[in-house]
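Visitor: I would like to understand the empty spaces inside this protein, and on what grounds each one gets its name. Could you take me through them?

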Amino acid sequence: MKTKKRLLIAGGGYADIPLILSGKQLGFHVITSGNRPDEAGHAFSDEYCKADFSDIEQILDISSKCKVDAVCSCCNDFSELSVAYTAEKLNLPGHDSLETLELIHHKDRYREFAMANDIPSPRAAGFSSPAAALRDIGNFRFPVIIKPVDLTGGKGVSTVNIPEDEREAVEKAFAISKSGRIVIEEFITGTRHGFSAFLINKKVKFFFTDNENYYINPYLVSGAYSPGEIPETAIQSLIQNSEKIANILSLKDGIFHVQFILTESGPVIIEICRRAPGDLYISLVEYAAGVNYPEWIVRASAGLDLSMVSQPLKQKFFLRHCVMASSNGNVKNIKYSNEIKDNVFKQLMWGGYGYEITDFLTQKLGIIFLEFQSHDEMFKKSQIINDLIKVEMSI
């Protein structure tokens, strides 16, 4: 009997479940990792090996010990860097070099690259000390955004409107950055969107657009609906710049996910990642576009055939909604308006009655996918989604 090939997914959270299931459907013996044995994804894998996916040496070590044939990142930048390092050391397929991915995923290095290569991006500069940041912040036009270079999900991010608030924001970003570096960038006004593409031979063979929703936390995406309201000229600009970056950096086949702000003069690229976005975004792509996006990502990571990647002729109207509370405390009820009940397509809930919310700005109770019959219906309901699906808290 032939032994199954072994795939390590460097993580095992709920957002990684589609990747884990895709790996198993492709015939792999799937191993998951991470520091927390209680993460939801481990129940779906064949094997769990405890390891910090942000520690490149730990991921290399378990990959060597488990004799894996392929590695795949979870929905986290640190995981992507770790699997790239492992792929380099073990000569595994499907990944860019660690040097390339650090350039893409670290905000200061990417901003420098973008400005040098005329990629639409905010004017920005990176700093490795608070003193240097505070000395040079006067070179920027306020308001500015201050961020740690190596974190996502709005962690450590501040918008500073006046110079008097700059010190607190700088110290906050430095305090949370794992690498001890921050970036200061000028504030861009516009609407916020996602552009998720799949590269084959440095060409965009598939793309997907969305409009982002935000709840109380202005730096944390709480939902997205697709297709996004993005003009064709902006889409073409995103495709051209994605392919330009792919050619300059000689990127491997696979996902190329962009977060951008649509301004009056066109799209401005804010972030790029080469791993699956979090909060089951890849399931949103799967349901709305009708493509097996999780499988494509695993295939690319494992160096498998990608001839099936193509642009669908038609797309459905879907919204991914992260259920969040408006205050700390204990959940009393999650109330669905009659107006939205028939739109519920699928959901993954882990928080209900009695669930404790200790940080309402970041904590989620679950993720709901909603399907609509028209763009107009989707747009109207997306604007009031937190009233249609309401979290009631105990007083």
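Visitor: How many cavities of 30 Å³ or more does a search of the whole structure find?

Guide: The model is a predicted one, and the search of the whole structure finds two cavities of 30 Å³ or more. The largest cavity holds about 140 Å³ of space, and the second largest about 40 Å³.

Visitor: Why is the space of about 140 Å³ called a cavity?

Guide: The word cavity is used for a set of points where a 1.4 Å probe fits but cannot get out, so the space of about 140 Å³ bears that name.

Visitor: Which residues lie nearest the centre of the largest cavity, and which elements give two or more residues to its lining?

Guide: Of the 16 residues in its lining, Glu80, Gly94, Ile255, Arg274 and Ser301 lie nearest the centre. Two or more lining residues come from each of strand S12 (254-263) and helix H10 (293-302), with H10 giving the most, three residues.

Visitor: What makes Gly94 a contact partner of residues that are not its sequence neighbours?

Guide: Contact requires heavy atoms within 4.5 Å, and, once neighbours within four places in sequence are set aside, Gly94 is in contact with Ala300, Ser301 and Gly303. Gly94 itself is found in the loop between helix H3 (77-90) and helix H4 (98-105), and although Gly94 and Ser301 are 207 residues apart in sequence, their C-alpha atoms are 4.4 Å apart in space.

Visitor: How do the residues lining the largest cavity divide by class?

Guide: The lining of the largest cavity divides into five nonpolar, five polar and six charged residues. Gly94, one of the lining residues, is a glycine and therefore counts as polar under the classes used here.

Visitor: Which residues line the second largest cavity, and how many of them are charged?

Guide: Its lining is made up of Tyr215, Ile216, Asn217, Leu220, Ser222, Met324, Phe360 and Leu361. Six of these are nonpolar, two are polar and none is charged; Asn217 and Ser222 are the polar pair, because neither Asn nor Ser is listed among the nonpolar or charged types.

Visitor: What makes the second largest pocket a pocket and not a cavity?

Guide: A pocket is an open set of points, whereas a probe in a cavity cannot get out, so the space of about 360 Å³ in the second largest pocket is classed as open. Of the 15 residues that line this pocket, Pro18, Leu21, Ser283, Tyr287 and Lys346 are the closest to its centre. The largest share of the lining, five residues, comes from helix H1 (17-25).

Conventions: Residues are numbered from 1 along each chain as its sequence is written. This is a predicted model: local features need pLDDT of at least 70, side-chain atom pairs count only at pLDDT 80 or more; totals for chains, interfaces and linings use all residues. Side-chain values use heavy atoms; hydrogens and water are left out. On a 1 Å grid over the protein atoms alone, a cavity is a set of points where a 1.4 Å probe fits but cannot get out, and a pocket is an open set with protein on both sides within 12 Å along at least five of seven lines; lining residues have an atom within 4 Å of a point. Grid points are joined across faces, edges and corners, and a volume is the space filled by probe spheres set on the points. Helices (H or I, at least four residues) and strands (E, at least two) are DSSP runs, numbered from the N terminus.
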